[in-house]
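Here are a few exercises to work through with the model open beside you. Try each task before reading the solution.

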Amino acid sequence: MAAAKRAGRPAGRPPSITDDRWPGIRQMLDGGMTITAAARTADVPRQAIYRRLEADAEAGS
């Protein structure tokens, strides 16, 4: 990871929910879909949605 950092590349695993995909997932949730159903539809882990919702809540506070 240190070599990647020196080379200016991001280190670690890429996020499973990209900024491009988040509005669609958010729309599903706002429309009343459960987190489990939205995760299955978007083919992302449920925990990724929980983490993204938590990050959005912290950013808004």
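**Exercise 1. Work out which residues of helix 2 are buried and how they are arranged around the helix.**

Step 1. This is a predicted model, so start by checking accessibility along the helix. Trp22, Ile25 and Leu29 come out as buried in helix 2.

Step 2. Now look down the axis of helix 2: the buried residues sit within an arc of 65 degrees, so they line one face of the helix. The general rule behind this is that an α-helix has 3.6 residues a turn, so residues three or four places apart point the same way.

Step 3. Flip to the face turned away from the buried side. There you'll find the exposed residues Gln27 and Asp30.

Step 4. Finally, ask what the buried residues pack against: helix 3 and helix 4.

**Exercise 2. Find the largest nonpolar core and say which helix gives the most to it.**

Step 1. List the members. The largest nonpolar core has 11 residues, including Trp22, Ile25, Leu29, Ala38 and Ile49.

Step 2. Sort them by helix. Helix 2, helix 3 (35-42) and helix 4 (46-60) each supply at least two residues. Helix 3 gives the most, with four.

Step 3. Zoom in on one member, Ala38. Skipping residues up to four places away in sequence, Ala38 touches Met28, Leu29, Met33 and Ile49.

**Exercise 3. Is Arg26 buried, partly exposed or exposed, and which residues does Arg26 contact beyond its sequence neighbours?**

Step 1. Place the residue: Arg26 belongs to helix 2, which covers residues 22-30.

Step 2. Classify it. Buried means under 20% relative accessible area and exposed means over 50%; Arg26 has 31%, so it is partly exposed.

Step 3. Look for contacts, ignoring neighbours within four places in sequence. Arg26 is in contact with Leu53 and Asp56.

Step 4. Try a C-alpha distance to another residue. Arg26 and Pro10 are 16 residues apart along the chain, and their C-alpha atoms are separated by 26 Å.

**Exercise 4. Describe the setting of Leu53, starting from its helix.**

Step 1. Leu53 lies in helix 4.

Step 2. Its relative accessibility is 23%, so Leu53 counts as partly exposed.

Step 3. Go back to Arg26 for the spacing: Leu53 and Arg26 are 27 residues apart in sequence, yet 8.9 Å apart from C-alpha to C-alpha.

Step 4. Fill in the surroundings. Leaving out residues up to four places away in sequence, Leu53 touches Trp22, Arg26, Leu29 and Ile35.

Note on methods. Residues are numbered from 1 along each chain as its sequence is written. This is a predicted model: local features need pLDDT of at least 70, side-chain atom pairs count only at pLDDT 80 or more; totals for chains, interfaces and linings use all residues. Side-chain values use heavy atoms; hydrogens and water are left out. Buried means under 20% relative accessible area, exposed over 50%, partly exposed in between (1.4 Å probe, protein chains only). Contact means heavy atoms within 4.5 Å. A nonpolar core is a set of buried Ala, Val, Leu, Ile, Met, Phe, Trp, Tyr and Cys residues joined through side-chain atoms within 4.5 Å. The arc is that of the directions from the helix axis to the C-beta atoms.
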